[in-house]
Amino acid sequence: MCGVEGKGSKGGMRMGIMRGGGGGGGERLEKLKSSRMKLWMIRATTSVLLWTCIVQLTAVGETWGPRVLKGWPSCFSHQDPSFSVIEDKAPSVTTRVLPPKRIYKNNGYLMVSCNGGLNQMRAAICDMVTIARYLNVTLIVPELDKTSFWADPSEFQDIFDVDHFITSLRDEVRILKELPPRLKRRVEMGMVYSMPPISWSDISYYRNQILPLIQKHKVIHLNRTDTRLANNGQPLDVQKLRCRVNFSALRFTSQIEDLGKRVIKLLRQNGPFIVLHLRYEMDMLAFSGCTQGCNNEEVEELTRMRYAYPWWKEKIINSDLKRKDGFCPLTPEETALILRALDIDNSYQIYIAAGEIYGANRRMASLAASYPRLVRKETLLEPSDLGFFQNHSSQMAALDYLVSLESDIFIPTYDGNMAKVVEGHRRFLGYKQTILLDRSLLVDLIDQYSSGSLSWNEFSNAVKESHASRKGQPTQRLVIPDRPKEEDYFYANPEECLQPSYGRLGST
C-alpha cells in the first residue's frame, strides 16, 4: 500500500509541473530544464573527446604499425635458427597490431580453385596471392580440391587460419571470404569466365593476358593453380611476397597446431627424432607405376587403380626402367639400407610422415628390425585425438608438416610436393638438416651391394660420400631455360628469401 501511495504522489507532482501550476512549479520546471541541458552538454563533450582519442590512436597505429611489423616472421625478418615453429609460443599480452591496408584501385575479382594435395595447394595459394597483388585485384579466399584421389572435404578455414591469412596480407592485397552479393549471384547462375592459366608463366603473362580479362568480366575463375608461376626470372618483390605468404600468412588452425605441439612434445621427451617421409602409399605406387618388391597380386591391383583414374595420363609403365632413372620412391627395404649406410643411429626415434604404407607390416619389417623406435602420429596419440581428422587427408598432412619442420633431420624418400615445400621451409628456418637422396645413384649402389659386387663398407662409404653435399646446405637453384619441370623448384629453395648460412651447416 505504501508503495502505491508513493507512486501516486510522484505522479501528481509530475502532473503539476506539466500544467505549469503555481510559482513553485515554474521554478522546479526551470531547474529541471537547466539540469537536462547540463547533462546533454556533458554527453556531447564526452562524445567529442572519445572520438578525438580514437582518431589520434588510429593515426599513431598507422605510423607505428609498419615498424612493429618488422618483427613479424617473413622473408625480410628471420628468427634465430633455434626458433621453434609452433612450440613455446608465449601468449601475447598486447593487442596485435595490424598492418595498414594498402589502398589501390580494384581492377576486379579473382577466384581460384586449387588442385592436388595439401602442399601442392599451399604453393599454389602463395602464387595466387602474389598474382592478385600485382594485378591490383581482390582475391577471394581460395577453394581447396575436393575431387582428387584423396576426396578431402576440408575447406580453407578447416586447415588454415583464414582471419590471420586475410589480415596479415592486407598491406599487400585485399582478400575477401566471398564475392559481393551481386557478383556472387552471377557466379551461382554460372555466369563466370573460367580458365586454366598457362603453367610456369612469368608475372608479365598475368598482367598482359589475364588482367584484361578481369577488367572485361569483373570476375574470373582460375580452375587450375599448380605450378602456374615460373620458378625463376621474376622480380625480387614477387619472389619475396611468395615467401611471405608461405612462411607467415599461411598458418594452420589452432586445432591443428595444438595437436602438432603435443606430438612434438611427446617426441622431444624421448630424445632426438628423425622424420622419414616414406612416400610408399598405394596412390603413389599406382600413379608412378613403381612396383619394386610387390607380388603379382599387388602389381595387378596397382595397375587396375591406375587405369581407374582418367586424369593419370601415363598407363603403360616400365617399373624397372623408371626405378633405374630415379623416378620411383625408395621402398621401405631400400630405405632401411640407406639409413644404415648413412650411419643413422638406431636409437633415434623415426617418425613416419605418411599415410598407410602399402603392404603394411610385411614391407615395413626390415625397417622396423633396423630401427625399432618407429613411431607415427597414430601410435603417439589416442584414437580420440585423431577422430576429427579421419577422412581428412590434408589435415593429417598438416600435422606431419609441422612435425617435419621441427625434426632434427628430415629425410624424404621421394621428391614430391611435401618433400620440396618442407625442404624450402627448413632452409628458411636456418638450413635445418634435410638429407636429399639421389635415388638414381642409390638404386644402382643397392643393386651392386645386393649382387655382391660391393662390400658393406664400400657401399656405405659410397652412400655417405655422395650425400655429403646433399643436406640442405645453401645453394643456388638450378635454372634450365625452357624446361621448368627439370629445374629446381622455387619452393624447395627460395634463395631470394634466405639468410646467409654463417657457418650453420650441420652433419649427420
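The following dialogue examines how terms are applied to a predicted model of a protein.

Student: What is the overall make-up of the protein, and how much of it is buried?

Tutor: The protein has 20 helices and 9 strands. Of its 508 residues, 46% count as buried, a term that requires under 20% relative accessible area. Among the contacts with a separation of 6 or more, 79% join residues 24 or more positions apart.

Student: What makes E3-E2-E1-E5-E4 an open sheet, and which strands stand at its edges?

Tutor: This sheet has 5 strands, and their pairing is parallel. Strand E3 (175-176) and E4 stand at the edges with a single partner strand each, so one side of each has no neighbour in the sheet.

Student: How do you know that strands E2 and E3 pair?

Tutor: At least two bridges between two strands are required. Strand E2 (residues 138-140) and E3 have 2 bridges, in the parallel sense, so they count as paired under that cut-off. In E3, Ile-175 is the bridge partner of Leu-139.

Student: What joins strand E5 to its partners E1 and E4?

Tutor: Strand E1 (residues 109-112) pairs with E5 over 4 bridges, in the parallel sense, and Val-112 has Leu-222 of E5 as its bridge partner. Strand E4 (residues 193-195) pairs with E5 over 3 bridges, also in the parallel sense, with Tyr-193 opposite Ile-220 in E5. From E4 the chain passes through helix H7 (residues 203-217) to E5, in a β-α-β crossover that is right-handed. Helix H7 lies across E1, E4 and E5, at about 130° to E5. That angle falls in none of the ranges for roughly parallel, roughly antiparallel or roughly perpendicular, so the arrangement counts as oblique.

Student: Why are both faces of strand E5 called covered?

Tutor: Val-219 and His-221 are buried on one side of E5 (residues 219-222), and Ile-220 and Leu-222 are buried on the other. Each of the four therefore has under 20% relative accessible area.

Student: Which strands form the other sheet, E8-E7-E6-E9, and how are they paired?

Tutor: This open sheet has 4 strands in that order, with parallel pairing. Its edge strands are strand E8 (374-375) and strand E9 (409-412), each pairing on one side only. Strand E7 (residues 349-352) pairs with E8 over 2 bridges, and Leu-374 in E8 is the bridge partner of Ile-350.

Student: What name suits the angle between helix H9 and strand E7?

Tutor: Helix H9 (residues 254-268) lies across strand E6 (273-277), E7 and E8, and runs at about 155° to E7. The cut-off for roughly antiparallel is over 145 degrees, so H9 and E7 count as roughly antiparallel.

Student: Why are helices H3 and H17 called roughly perpendicular?

Tutor: The axes of H3 and helix H17 (residues 393-406) cross at roughly 80° and come within 9 Å. The range for roughly perpendicular is 65 to 115 degrees, and H3 and H17 therefore earn that description. Among the residues making the contact are Leu-118 and Met-121 of H3 and Ala-397 and Tyr-401 of H17.

Student: Which residues touch the most other members of the largest nonpolar core?

Tutor: They are Ile-125, Phe-156, Phe-165, Leu-169, Val-245 and Phe-252, in a core of 80 residues. Helix H3 (residues 118-135) gives the most to this core, with 11 residues. Another core, of 37 residues, lies apart from it and includes Leu-276 and Ile-446.

Notes. Residues are numbered from 1 along each chain as its sequence is written. This is a predicted model: local features need pLDDT of at least 70, side-chain atom pairs count only at pLDDT 80 or more; totals for chains, interfaces and linings use all residues. Side-chain values use heavy atoms; hydrogens and water are left out. A nonpolar core is a set of buried Ala, Val, Leu, Ile, Met, Phe, Trp, Tyr and Cys residues joined through side-chain atoms within 4.5 Å. Buried means under 20% relative accessible area, exposed over 50%, partly exposed in between (1.4 Å probe, protein chains only). A crossover is right-handed if, with the strands pointing away from the viewer, the path from the first strand over the helix to the second runs clockwise. Contact means heavy atoms within 4.5 Å. Axes are lines fitted to C-alpha atoms, for helices over the stretch in contact, and angles run from 0 to 180 degrees between N-to-C directions. Angles under 35 degrees count as roughly parallel, over 145 as roughly antiparallel, 65 to 115 as roughly perpendicular and the rest as oblique.
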